[in-house]
Amino acid sequence: MIDPKVLRQELDLVKQTIEKRGMKFDFEALLALEEKRRGIQGTTQELQNQRNALSKSIGQKKSQGEDVTDILAQVNDFKTQLDTDKKQLDQILSEQHALQSTLPNLLDESVPEGLSEEDNVEIRRWGEPREFMFTPKDHVDLTERLGQIDFNVAATMSGSRFVVMRGQIAKLHRALAQFMLDVHTTEHNYLEVNVPLLVEQQALWNSGQLPKFEEDLFHLKGERKLSLIPTAEVPVTNLFYDVILESNELPLKMVCHSPCFRSEAGSYGKDTKGMIRQHQFEKVELIQVVHPKNSSRALEELTSHAETILQRLELPYRVMNLCSSDVGFCATKTYDLEVWLPSQKCYREISSCSSTGSFQARRLQARFRPDVHSKPEYVHLLNGSGLAVGRTLLAVIENYQDESGAVHIPQVLLPYMNGLKVIEL
């Protein structure tokens, strides 16, 4: 959520953000609700003052033997009016809160302006794409003929955008996830956590998934409205729901390997072939909880941690600073890592690393106490993929193929493959 003070005192800044993001928002409705809130709160305060004054006079008049029947009636009338006003105020506050919750985060000053992903700015590149002496195949053509990646059998049981992996490819997929976890826990000092894959609606709202991404979620039917997580970011950030940390506990860093489930609403026709865009996929998620003054530095650090995985795997990639219209709802700034795919002859997203500032923390009521004498302040939350396992798998398959169609195992993964050096496909 955006700081209510910003909405009241710096509304032009919010309007600029909406414009830069290429979005629309009913600011007139927001202002009208604020005007109603102020009016009713002013009336309520005046009624409370009058009622308190009358209530105080009752005791005095009684002690002097005076009749207080009329005063008691007035006090009762004030109570009835206050109850009515309170209901109206609660309704206005509810409408105000619902409307404000659809506002995206403010953008960092370093975010480039742009209307589409074409306006994203490249920050740096690492590695040189391999020059093949043959026409490289895509990951589907390389693996599907032997059934090690099987979309057809997955479709018979689950429909499109699901996959079955078998044998050595399944092992390679598992090895990648284990390698990522080992690097992040032993070298980058993240605490590994294992979290629920089903969450309540409140947890989704806390993390910023609702109301914006309602259609992208898979919901369960039943008495309880539970949903499958679209990312481990949801349950991991909710570990800090209504928590007050001490300053010396920051920063906190967590890593979580989990399946993710997304309906991909509105993406039909995009990446229909292969494992780029699936309804179910696995991801190793990085989360940092930091002091606000260290937020910018933490984003650079978290991004570098995700980059480490690509560098160790010797996969060429580039880092993109997303433009204003491409930055996610909760993010104030985002770096995308894009890995080189030989079959497509282009870079494709494999990780998004974002700072949400205090935006998510306000929803979560995640705070810290600067010192023992200070009132709590909001922490800053950051998240990033370190990495998406399926997309890393297909990048390895394509970049490490040879002319015979075999896939060579990257050096850093050999300890996880029980001596297997080549997957003969």
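Strand E15, spanning residues 380-388, is mostly covered: 9 of its 9 residues are buried. This is a predicted model, and E15 makes a handy place to start reading it. On one side of the story is strand E9 (residues 280-290), which pairs with E15 in the antiparallel sense over 7 bridges. Within that pairing, Ile 287 sits opposite Asn 383 of E15. Strand E12 (residues 346-355) also runs antiparallel to E15, joined by 3 bridges. Here Ser 354 is the residue that stands opposite Asn 383. Asn 383 thus turns up in both pairings, facing Ile 287 in one and Ser 354 in the other.

Leu 387 is worth a look too. Leaving out residues up to four places away in sequence, Leu 387 touches Met 180, Lys 283, Val 284, Ala 306, Ile 309, Leu 310, Leu 337, Ile 350, Ser 351 and Thr 392. It belongs to the largest nonpolar core, which has 52 residues, and is listed with Leu 172, Leu 176, Leu 310 and Leu 315 as touching the most other members. Helix H7 gives this core its largest share, 9 residues. There is also a second, separate core of 19 residues, with Val 14, Leu 99, Leu 106 and Cys 330 among them.

That brings us to the helices. Two packed helices are described by the angle between their axes and the distance between the axes. For helix H7 (residues 167-186) and helix H12 (residues 389-399), the axes come within 10 Å and cross at roughly 115 degrees. The crossing of H7 past H12 is right-handed. From H7, the contact draws on Ile 169, Leu 172, His 173, Leu 176, Ala 177 and Met 180, while H12 supplies Val 389, Gly 390, Thr 392, Leu 393, Val 396 and Ile 397. Sorted by class, that makes 9 nonpolar and 3 polar residues, with no charged ones.

One of the H12 residues in this contact is Thr 392. Is Thr 392 buried or exposed? It counts as buried, because its relative accessibility is 0% and the cut-off for buried is under 20%. Setting aside neighbours within four places in sequence, Thr 392 is in contact with Leu 176, Met 180, Leu 313, Leu 315, Ile 350 and Leu 387. Of these partners, Leu 176 and Met 180 come from the H7 side of the helix contact.

Elsewhere, an open sheet of 3 strands follows the order E7-E13-E14, with mixed pairing. Its edge strands, each pairing on one side only, are E7 (244-246) and E14 (377-378). Strand E13 (residues 367-369) runs antiparallel to E14, and 2 bridges join them. Phe 368 stands opposite Glu 377 of E14.

A few backbone details round things off. The peptide bond from Leu 210 to Pro 211 is cis, with omega near 5 degrees, and Pro 211 lies in the loop between helix H8 (201-206) and strand E6 (226-228). Another cis peptide bond joins Leu 250 and Pro 251, where omega is about 0 degrees. Pro 251 lies in the loop between E7 and strand E8 (252-261). Positive phi values also crop up in residues that are not glycine. Asn 189 has phi near 65 degrees and is found in the loop between H7 and strand E4 (191-192). Asn 189 is exposed, with a relative accessible area of 56%. Asp 242 likewise has a positive phi, about 55 degrees, and is found in the loop between helix H9 (233-237) and E7.

Definitions and conventions:
Residues are numbered from 1 along each chain as its sequence is written. This is a predicted model: local features need pLDDT of at least 70, side-chain atom pairs count only at pLDDT 80 or more; totals for chains, interfaces and linings use all residues. Side-chain values use heavy atoms; hydrogens and water are left out. Two strands pair if DSSP finds at least two bridges between them. Helices (H or I, at least four residues) and strands (E, at least two) are DSSP runs, numbered from the N terminus. Axes are lines fitted to C-alpha atoms, for helices over the stretch in contact, and angles run from 0 to 180 degrees between N-to-C directions. A crossing is left-handed if the near helix is turned anticlockwise from the far one by less than a right angle, and right-handed if clockwise. Contact means heavy atoms within 4.5 Å. Ala, Val, Leu, Ile, Met, Phe, Trp, Tyr, Cys and Pro count as nonpolar, Asp, Glu, Lys and Arg as charged, and the others, Gly among them, as polar. Buried means under 20% relative accessible area, exposed over 50%, partly exposed in between (1.4 Å probe, protein chains only). A nonpolar core is a set of buried Ala, Val, Leu, Ile, Met, Phe, Trp, Tyr and Cys residues joined through side-chain atoms within 4.5 Å.
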